[in-house]
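Me: I should like to learn how to read a structure of this kind. Could you take me through it step by step?

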Amino acid sequence: MALLEVSEVTVRFGGNVALDDVHLGAEPGIVTGLIGPNGAGKTTLFNVITGLLPPNVGKVTIDGRNVNRLSPTKRARCGMARTFQRLELFSLLSVRENIRVAADVHKGWARDGSNPAEVVEEIIERVGLTAVADARVDSLPTGQCRLVELGRCLATKPKVMLLDEPASGQSEAETVIFAELLQSLAAGGMAVVLVEHDVALVMNVCARVNVLDFGRIIASGTPSEIQNDQAVLSAYLGTGS
Amino acid sequence: MDKFLTFTIVGLSLAAIYAVIASGLVLTFTTTGIFNFAHGAAGMLAAFTYWQLRFEWGWPVPVCLVLILGVMAPLFGVLLEVVVMRGLRGTTDTVKLVVSISLLLFMIGLAQLIWPPGVSRPMSKFFQTSTPINLGPTTITWHQAITIMVAIVAAIGLRLVLTRFRFGIAMRAAVDDPSLSALNGARPNRISMLAWALGTALAALGGILIAPNVTLDAPSLSLLIVSAYAAAIFGRLRSLPLTFLGAIVLGLTEGYLTGYLPQNQYLPGLRIASPALLLFLVLLVLPNPRLRGRMTRSREFFPMPSIRGTLVFGGVVIVGGVVLATTLSTPDQLTYGRLFPIGIIALSLVPLVGFAGQISLCQLSFAGIGGLVMAHLGHGGDPVALIWAVLISAAVGALIALPALRLSGIYLALGTAAFATILDRWIFTLPKFSVFGWFNVDLFTQGSINVDPLTAFGKTFNSAASQIVIGAIFFALVAFLVVMIRRGRLGRRLIAMKDSEAACATLGMNLFGTKLLVFSISAGIAGLGGALYAMQLTSIQSGNFDLVNSLQVFALSVVGGIGAVGGALFAGISLYVVLPVIGVLFPTVVRWVGLLPGATGIGLGRDPNGAVSQMRDGFAPLAGSPSSLLVMTLTLAALYGIRLIDAIDNWTFVGGLVIVPLVASVIATVSAASKERMLAQLEDAPDRTPMEWIGIDRPWTTEDLATLDLALGTSELELHGPA
Ligand SMILES: Nc1ncnc2c1ncn2[C@@H]1O[C@H](COP(=O)(O)OP(=O)(O)OP(=O)(O)O)[C@@H](O)[C@H]1O
Ligand SMILES: [Mg+2]
């Protein structure tokens, strides 16, 4: 069984079926891709997994433990962390303070003897925000804001990390560095789920890729399988024929 | 059975009034997204106006009604919309709340200006002298019958307007999506003007109907009508049918309580407080909302306070207290001295509202609890009672956090206002009672209770002067505590929670515990302020701690700047220094002073950073210029010395206190500016072509494209697909 396991998830908004019997698994040590056109339901799936949105039907387990009845807070403490496509940064705080909030929260319940201040400095270094560590996040460009959200996740020492379009707003040079960062994080034993429109990035870093279209998983497999999948080509890239 | 029917009718006629008022509220809320706290006050003004026309000048009833309901109230509504409400689109909940609360205060001030309180203004009911209509087992008075009919007509009329008439349909469309309905050709400005006209007329109608049942008193009438808001909450402020249902539940409850409540001295208050109690309960059982992400992007910015700055601030406050204590006469000390305890109560809002983004309109209630604890446990001025005052208020504050776990914004504001009302109208009016036979509680013995001055270190601080200094010291200490909270782990956590509860939860933060903690801390601080306030007053009564007082402190703290301790000092100074001083300086306008807190809130409530931050910016050059600072301090000290030997009087002294810092700051600004100009001439200005002029002023480069992509969060790939 995968570390994160989503099964039979269905979400309806009124008559609109945003997710339809979705299954998804994420293994530690690799980056799992989740791609799909706009409105396919990727963000909605993340909301279900993290507990922000109760699904109509479906089950989410982490490490074999069913978390369906747990609040977002409790799920986070099971080792889940996420970033937000629309950025949910603490805009009145500096970069360092943003990450520090997460580190303090983690220390508060985990009591793992770590020193939050040191944890924060390590993370800032690792995601490459040293130069702007004291800037208010309001003043940063989107690409860097996304790194702050990533850093905030890392400070909670998650087992599973859900990233919602983390590279949008990054320059090409930044994306190259970011790809390396993702792979090194996964190599550290984390399960990373990556939602991204940058197909090149996804194909580059992901060991497995799932394709969502109109709320259904229409394909999953290795990047090369996906790139040659007819259904994917026609539905997602609009170039199949 | 007869009795049951009689009180059913009593209940239904109340229900009718609540329904009329609440439906007006729903109308304005749904069309413009502003919860109008002053809605009830509009009804109150209408009731007074009706009294004036009908009973003072003896005009015929139809003329009065047409004039008020058909002309004055709608015009007033339009005026409110155009002058005040229109500017509030896209602002945060707190700003909207402050402006409408200030409006409420302003309208109460206005009513008290035109119709000075303390005069009996009887109003008879409609057809008071006609015999009641016989319904067999019981009778119904004409006034009751008319009231119920009016509500039915209003219900049918509203339904027709909203479903049949063009502008009504447009109103409903505006509710669903304002920008979309604008695209469809509806004119949002006209629609909201109409909604406000209609809503205000409904408030006026309710006010005129309810006024004969109660005494015509501006604050209590305005807030009595708050009870009607409970009905609107039944419909979650959106649904008119549910609002009418809520009104019936409220009205009948109150009616039956009147009829069937056992006759003892404990329960009449319960009946009066029952709408607030129901409001509180309904808020508790409202379905759990989803966790909020970021809402309106606020423009607020409260810089991290430095420890040094805070120490200086605290020092200045204490020196200020000493100066007040040594230069003022005793009566003046009693007046102006309140600035510190009230300032402490305002400080209690800083962590709660400023940092955590929670709203509380019942801080004076916590202060009242602190004051009562001091009165009951602080015999002989026992300082331990201060600790009890903090602890007990904090415990009650934790209770209030319970609804806060589920509510935010306007709902939380209403919940806390309801709590304040329950205390005002019921708990604080209770006579002596015993708690399960364990011990006796006698809150405000004879309507007022004496408080002993603090005794510590073998000394009793009973002079007004010593109370001022104590107040100043406590203010400085609490301000320092608040700053330490801001600088520490808790402060970051609170600010994070204000920005995005959703993000906090997904990081594993315990929102429940965090809110509980901040409400307790805030209530504890307010309790301390209340205890000190009580000692200064020497004798307290429930009126010292009522909702209107809480609203004033809330509004002025936000005007001052709710995210910084300076804002709290601003609130204290405005209420207990500036207002009295204006009254003394300009005796002719003294009656107008009541309008000032409200007017200030309406005018300045929109700046999320507050007046203090602007003042701080103004004085910034001074802080950067040690020489000017030194000269200023010495001049002020000299001034104080001259005042102490009575060479100058207080007015000259105060004038000096105001003028010297201003002059010093002007000098510092001028010298800083000239220095800057010199520096600027030395450097070459870098290329700062504004984005929209690139390609016009100078050629477009790929670098510009990259900048643009970065700013917009787009990329070549996303725009044009993979190559
Ligand atoms: N709160 C909501 N209420 C109603 N419908 C919603 C809500 N949230 C999402 N939807 C709908 O669910 C569908 C899936 O949306 P979702 O945001 O999950 O897509 P996405 O794959 O993340 O798209 P994108 O690539 O644009 O981020 C869309 O049709 C959207 O309109
Ligand atoms: Mg999305």
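Reply: The following dialogue treats a metal site, an interface between chains and a single residue. Please keep in mind that this is a predicted model.

Me: Let us begin with the metal site. Which residues coordinate the magnesium ion (ligand 2)?

Reply: To read such a site, one looks for the protein atoms that serve as donors to the metal. Here the magnesium ion (ligand 2) is coordinated by OG1 of A:Thr43 and OE1 of A:Gln85, at 1.9 to 2.1 Å. A:Thr43 belongs to helix H1 (residues 42-50) of chain A, while A:Gln85 sits in the loop between strand S6 (80-82) and helix H3 (95-110) of that chain, so the pair ties together parts that are 42 residues apart in sequence.

Me: How is the accessibility of A:Thr43 and A:Gln85 described?

Reply: A residue is called partly exposed when its relative accessible area falls between the limits of 20% and 50%. A:Thr43, with a relative accessible area of 26%, is partly exposed. A:Gln85 is likewise partly exposed, its value being 29%.

Me: I turn now to the interface. How many residues of chain B and of chain A take part in the contact?

Reply: One may describe an interface by its residues and by the area it buries. The contact takes 32 residues from chain B and 39 residues from chain A. About 3000 Å² is buried between the two chains, and carbon and sulfur atoms give 63% of this area.

Me: How many salt bridges cross the interface of chain B and chain A?

Reply: The rule finds two salt bridges there. In a salt bridge, the side chains of B:Arg492 and A:Asp104 meet at 2.8 Å, N to O. Between chain B and chain A, six residue pairs are counted in polar contact.

Me: Which helices of chain B each supply at least two residues of the side that touches chain A?

Reply: They are helix H21 (489-499), helix H22 (501-506), helix H30 (702-712) and helix H31 (716-720) of chain B. H21(B) gives the most to this side, with seven residues. By class, the side of chain B that touches chain A has 14 nonpolar, seven polar and 11 charged residues.

Me: Finally, a single residue. Is A:Thr10 buried or exposed?

Reply: A residue counts as buried when its relative accessible area is under 20%. A:Thr10, at 9% relative accessibility, is therefore buried. A:Thr10 is found in strand S1 (residues 4-13) of chain A.

Me: What lies 3.0 Å from a polar atom of the side chain of A:Thr10?

Reply: It is the backbone nitrogen of A:Asp21. Leaving aside neighbours within four places in sequence, A:Thr10 has contacts that include A:Leu19, A:Asp20, A:Asp21 and A:Pro55.

Key
Residues are numbered from 1 along each chain as its sequence is written. Chains are lettered from A and ligands numbered from 1 in the order in which they are written. This is a predicted model: local features need pLDDT of at least 70, side-chain atom pairs count only at pLDDT 80 or more; totals for chains, interfaces and linings use all residues. Side-chain values use heavy atoms; hydrogens and water are left out. Donors are N, O and S atoms within 2.8 Å of the metal (3.2 Å for Na, K and Ca); water is not among the atoms, so sites may look incomplete. Helices (H or I, at least four residues) and strands (E, at least two) are DSSP runs, numbered from the N terminus. Buried means under 20% relative accessible area, exposed over 50%, partly exposed in between (1.4 Å probe, protein chains only). Contact means heavy atoms within 4.5 Å. Buried area is the accessible area (1.4 Å probe) that two parts lose on being put together, summed over both. A salt bridge is a side-chain nitrogen of Lys or Arg within 4 Å of a carboxyl oxygen of Asp or Glu. A polar contact is a pair of N or O atoms within 3.5 Å; within protein, one must be able to donate a hydrogen and the other to accept it, and residues adjacent in sequence count only if both atoms are side-chain atoms. Ala, Val, Leu, Ile, Met, Phe, Trp, Tyr, Cys and Pro count as nonpolar, Asp, Glu, Lys and Arg as charged, and the others, Gly among them, as polar.
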